[in-house]
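Open the model in your viewer and keep the sequence panel visible. The tour below goes from one selection to the next and says what is found at each stop.

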Amino acid sequence: MINRRSFIKTSAALSAGLLISPQLFAYDKKYIGLQLYTVRDYMQKDAAATLARVAQIGYTTVEGATYTGSEKFYGLDPAGFAALLKQNGLAMPSCHYRLGEEQVNGSSQKGTILNDWGRAVDDAAAAGVKYMVCAFLSVPERGTLDHYKKIADDFNKAGETCKKAGIQLCYHNHDFEFIHEDGKYPYETLLANTDKQLVKMEMDLYWVTKANQDPIELISEHPGRFPLWHIKDMDNTASKMFTEVGNGTIDFKKIFKHAGKAGLKYFFVEQDKCPADPYDSITQSITYIKKNLV
């Protein structure tokens, strides 16, 4: 017979398990996101009309592809861009940023992890961003494993600044992080040398797959470390190019079974290159997602 005291203890233990077990984390299926790089040309011409069309197609969240210290969010200040999103029933939980180690036109980039990061964090918070993501390391920003350890230190410091604003820092992979350096992958170095609470990962399923890595193995080795995913498919050709979700070779159904263990919170469709009109491609992708993944 279970008395009141043992019931309370059992309930407390179960509650603790719910809080700490990454297996039980779940993303909200109403959030179907689009990385705005996919419609970058439209965004540059008319951000308002583009966001309206993205919402009409059925996306509920977007991930920003552009932030600079001067132009901020597609030429708008944080409040103005947040208002534009709200007007279209959209939210932008995540946005991409650069490391900023590389000099551009002889000067440092502003609003990057290494330059004026505090202002970028303030702007992100004002726009409602929950995740700030280092999008890419340019060739001059890469290097030896020791250099990646330095980058990991930079990420930890930037992550501390984000944490104070209630924001999570993440890193978005490509495939170059899976080229061996002294018997190790740079990606492993970044994972091992960053604080797992301060720095999480946005897993790009296309690039992980193209690098001959198994997304499920990465999730199993680092549970709870991947709150963001890029849903990008790979065509069945020798070139392994980008294609619409469900039109290629990546088994998204199998990978999504591990979303809880990954700690997935948001995912974003991204197609770097589209065969014709990007609106046609993102429509095809969301149709597949709604039918098969959410």
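Is lysine 240 buried, partly exposed or exposed? Lysine 240 counts as partly exposed, because its relative accessibility is 34% and the partly exposed class runs between 20% and 50%. Bear in mind throughout that this is a predicted model.

**Two residues with positive phi**

Stay on lysine 240, in the loop between β10 (233-234) and β11 (242-243). Its phi is near 50 degrees, a positive value in a residue other than glycine.

Now select aspartate 116, another non-glycine residue with a positive phi, here near 65 degrees. Aspartate 116 sits in the loop between β5 (107-108) and α5. With a relative accessible area of 36%, aspartate 116 is partly exposed.

**Salt bridges**

Add arginine 119 to the selection. The side chains of aspartate 116 and arginine 119 form a salt bridge, 2.7 Å from N to O. Arginine 119 is partly exposed, at 33% relative accessible area. In general, side chains of opposite charge can pair when their charged atoms come close. The model has 9 salt bridges in total.

Go next to helix α6 (residues 145-164), where lysine 150 and aspartate 154 are 4 residues apart and so separated by about one helical turn. Their side chains meet in a salt bridge of 3.1 Å, N to O. Lysine 150 is partly exposed at 39% relative accessibility, whereas aspartate 154 is buried at 11%.

Then select lysine 232 and aspartate 204, whose side chains form a salt bridge of 3.0 Å, N to O. This pair links distant parts of the chain, 28 residues apart: lysine 232 is in the loop between β9 and β10, and aspartate 204 is in strand β8 (residues 199-204). Both lysine 232 and aspartate 204 are buried. Extend the selection to Glu270 and Asp272 to show a network of salt bridges that links them with Asp204 and Lys232.

**Aromatic pairs**

Switch to the rings. There are 19 aromatic pairs in the model. One of them is tryptophan 229 with phenylalanine 256, an edge-to-face pair at 5.2 Å centre to centre with 80 degrees between the planes. Tryptophan 229 lies in strand β9 (residues 228-231) and phenylalanine 256 in helix α10 (residues 252-256), so the pair ties together parts 27 residues apart in sequence. Tryptophan 229 and phenylalanine 256 are both buried.

Keep phenylalanine 256 and add phenylalanine 267. Their ring centres are 5.4 Å apart and their planes at 85 degrees, so this pair is edge-to-face. Phenylalanine 267 is in strand β12 (residues 266-269), 11 residues from phenylalanine 256, and is buried, as is phenylalanine 256.

For a larger selection, take Tyr67, Phe73, Tyr74, Phe81, Tyr97 and Trp117, which form one aromatic cluster.

**A buried alanine in α5**

Select alanine 124 in helix α5 (residues 117-127). Alanine 124 is buried because its relative accessible area is 0%. Draw a C-alpha to C-alpha distance from alanine 124 to serine 94: they are 8.9 Å apart in space and 30 residues apart in sequence.

**A negative patch**

Finish on the surface. Glu188, Asp214, Glu217 and Glu221 form a negative surface patch. Zoom in on glutamate 217, in helix α9 (residues 215-221). Glutamate 217 is partly exposed, with a relative accessibility of 46%.

Definitions and conventions. Residues are numbered from 1 along each chain as its sequence is written. This is a predicted model: local features need pLDDT of at least 70, side-chain atom pairs count only at pLDDT 80 or more; totals for chains, interfaces and linings use all residues. Side-chain values use heavy atoms; hydrogens and water are left out. Patches are made of residues with over 30% relative accessible area and no salt bridge: like charges are joined within 9 Å, nonpolar side chains (Val, Leu, Ile, Met, Phe, Trp, Tyr) within 5 Å. Accessible areas come from the Shrake-Rupley method with a 1.4 Å probe; for residues, only the protein chains shown count as cover. A salt bridge is a side-chain nitrogen of Lys or Arg within 4 Å of a carboxyl oxygen of Asp or Glu. Lys and Arg count as positive and Asp and Glu as negative; His and the chain ends are not counted. The place of a charge is taken as NZ of Lys, CZ of Arg, CG of Asp or CD of Glu. Buried means under 20% relative accessible area, exposed over 50%, partly exposed in between (1.4 Å probe, protein chains only). Rings of Phe, Tyr and Trp (its six-membered ring) pair if their centres lie within 6.5 Å; planes under 30 degrees apart count as stacked, over 60 as edge-to-face and the rest as tilted.
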